[in-house]
Amino acid sequence: MEKISPYSGDLYEGPIWHPTENVLYWVNILAGTIHRLDLKKSTYLEIKLKDYVSSISPRVTGGLIATSDQGFYAVNLDGDVKEIYKVKDWDLRNRFNDGKCDAVGRYWVGTMNLEEKYPTAGFYVLDTDLSFRKVLDNVTISNGLAWSSDNKTLYYIDTPTKKIFEFDFDLEKGRISNKRTLIDLSSVQGSPDGMTIDSKDNLWVALFGGGKVIKIDTKTKEIIDEIPVPTPNVTSVTFGGENLSTLYITTAKIHLASPDENAGYVYAEKVSATGTKINFCGI
């Protein structure tokens with residue numbers, strides 16, 4: 001496993017592989033920074049926002065869209081940041097957390113309770129016409145999400161439940177229904193955080209406090225592989241690189257009982273799987 005980020009961060013999260021730029025992006029949530037690493041050119045760029053930034057996605061029109069503060073922001077590589085949409089009636093007990101865009105370009109994003117204890121948060125979607133709605137409530141820490149290759153299933157994590165849920169997904173209408181548990185991870189060390197999906201519809205899930213990434217077969221609903229990471233707090237994963245066959249893994253320094261020289265870096269691991277291209281945001 002290779003350590004690829006030039007610096008460590010308190011809470012590295014939300015890695016994405018940009019399919020046209022062929023670079024890796026990730027965020028440092030609490031620092032409010034977006035990081036861009038071109039591994040072939042060995043160039044590194046950091047963009048600072050005014051507030052925390054929890055997730056990012058490439059935009060159809062160019063640049064990125066980011067969830068930050070109480071809204072959605074367009075971000076360009078030159079550091080120009082513009083507000084696209086601000087959420088009304090924000091619940092100050094929460095902040096944004098993980099988010100991704102679906103195949104139509106809608107931005108799905110969850111919030112989390114700032115104390116990480118109470119079900120004050122939710123799961124939302126911002127449509128391409130800038131209509132914003134809640135799709136789930138009574139959430140504590142909305143986290144990883146992924147869609148099946150046929151876009152008929154949405155996989156979703158509310159971290160403290162230690163479960164991965166699945167929903168029927170209506171891509172045309174942007175609706176979810178029929179919530180059920182895909183797998184209960186209560187017996188596994190660590191808590192499910194960010195996740196991604198490969199071309200065979202296997203989920204790859206980061207375990208915060210577990211020091212590894214697990215691979216889950218969505219058909220048998222079983223853990224079929226795991227990748228050890230040299231630090232406990234593994235936050236998220238994405239596929240990238242040539243043929244989308246490298247797993248990029250973000251980690252964090254927060255909530256560690258003792259100093260760890262391997263914590264808070266981004267790691268890369270070649271795997272015998274192929275990822276799926278990220279959806280561009282149409283907002």
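# Strands, cores and rings

Modeller: Let's start with strand β23 (residues 246–251), which pairs with β24 in the antiparallel sense over 5 bridges. Please keep in mind that this is a predicted model.

Biologist: What makes β23 and β24 a pair?

Modeller: Two strands count as paired when at least two bridges are found between them. β23 and β24 have 5 bridges, so they pass that test. One place to look is leucine 247, which stands opposite glutamate 269 in β24.

Biologist: How do you know that strand β1 (residues 2–3) pairs with strand β24 (residues 266–270)?

Modeller: The rule asks for at least two bridges. β1 and β24 have 2 bridges, in the antiparallel sense, and therefore they count as a pair. Within this pairing, lysine 3 has tyrosine 267 in β24 as its bridge partner.

Biologist: Lysine 3 has a charged end; over which ring does that end sit, and how do you know?

Modeller: The charged end lies over the ring of tyrosine 265, at 4.2 Å from its centre. The distance limit is 6 Å, so a value of 4.2 Å satisfies that part of the rule. You can find a similar arrangement at lysine 179, which lies over the face of phenylalanine 165, at 4.3 Å from the ring centre.

Biologist: Now to a sheet. Why are β6 (53–58) and β9 (81–86) said to stand at the edges?

Modeller: The sheet is open, with 4 strands in the order β6-β7-β8-β9 and antiparallel pairing. β6 and β9 each have a single partner strand, so one side of each has no neighbour in the sheet. From one strand to the next, the twist averages 25°.

Biologist: What joins strand β8 (residues 71–75) to β9?

Modeller: These antiparallel strands are joined by 5 bridges. For one example, follow valine 75 to its bridge partner in β9, valine 81. If you trace along any such strand, remember that side chains in a regular strand alternate between the two faces of the sheet.

Biologist: In what order do the strands of the sheet that contains β14 and β17 run?

Modeller: That open sheet also has 4 strands, in the order β14-β15-β16-β17, with antiparallel pairing. Its edge strands are β14 (142–147) and β17 (175–184), each pairing on one side only. Between β15 and β16 there are 6 bridges, and aspartate 158 stands opposite lysine 163 in β16.

Biologist: Is threonine 67 in strand β7 buried or exposed, and how do you know?

Modeller: Its relative accessibility is 0%, and the limit for buried is under 20%, so threonine 67 is buried. Its contacts beyond four places in sequence include Phe72, Phe96, Tyr107 and Val109.

Biologist: And serine 236 in strand β22 (residues 234–240): buried or exposed?

Modeller: Serine 236 has a relative accessible area of 4%, which is under 20%, so it counts as buried. Among the residues it touches are Glu13, Met195, Tyr248 and Thr250.

Biologist: Which residues have the most contacts inside the largest nonpolar core?

Modeller: They are Ile34, Ile56, Phe72 and Tyr107, in a core of 32 residues. Strands that each supply at least two residues of this core include β3 (23–28), β6, β8 and β11 (107–113). Apart from this core lies another, of 24 residues, among them Leu24, Val234, Leu244 and Val266. Back in the largest core, isoleucine 56 touches Ile34 and Tyr107, among others.

Biologist: How many aromatic pairs are there?

Modeller: The count comes to 18.

Biologist: Why is the pair of tyrosine 12 and tryptophan 26 given its name, stacked, tilted or edge-to-face?

Modeller: Their ring centres are 5.6 Å apart, within the 6.5 Å limit, so the rings pair. Their planes meet at 65°, which is over 60, so the pair is edge-to-face. Tyrosine 12 is in strand β2 (residues 12–18) and tryptophan 26 is in strand β3, 14 residues apart. Both residues are buried.

Biologist: What kind of pair do tyrosine 156 and phenylalanine 167 form?

Modeller: With 6.3 Å from centre to centre and 70° between the planes, this pair is edge-to-face too. Tyrosine 156 has 1% relative accessibility and counts as buried; phenylalanine 167, at 3%, is buried as well.

Biologist: Which residues do ring pairs link into a cluster?

Modeller: The cluster holds Phe72, Tyr85, Trp90, Phe96, Tyr107, Tyr124 and Phe132.

Technical notes: Residues are numbered from 1 along each chain as its sequence is written. This is a predicted model: local features need pLDDT of at least 70, side-chain atom pairs count only at pLDDT 80 or more; totals for chains, interfaces and linings use all residues. Side-chain values use heavy atoms; hydrogens and water are left out. Axes are lines fitted to C-alpha atoms, for helices over the stretch in contact, and angles run from 0 to 180 degrees between N-to-C directions. Buried means under 20% relative accessible area, exposed over 50%, partly exposed in between (1.4 Å probe, protein chains only). Contact means heavy atoms within 4.5 Å. A nonpolar core is a set of buried Ala, Val, Leu, Ile, Met, Phe, Trp, Tyr and Cys residues joined through side-chain atoms within 4.5 Å. Rings of Phe, Tyr and Trp (its six-membered ring) pair if their centres lie within 6.5 Å; planes under 30 degrees apart count as stacked, over 60 as edge-to-face and the rest as tilted. A charge sits over a ring if NZ of Lys or CZ of Arg is within 6 Å of the ring centre and within 35 degrees of the ring normal.
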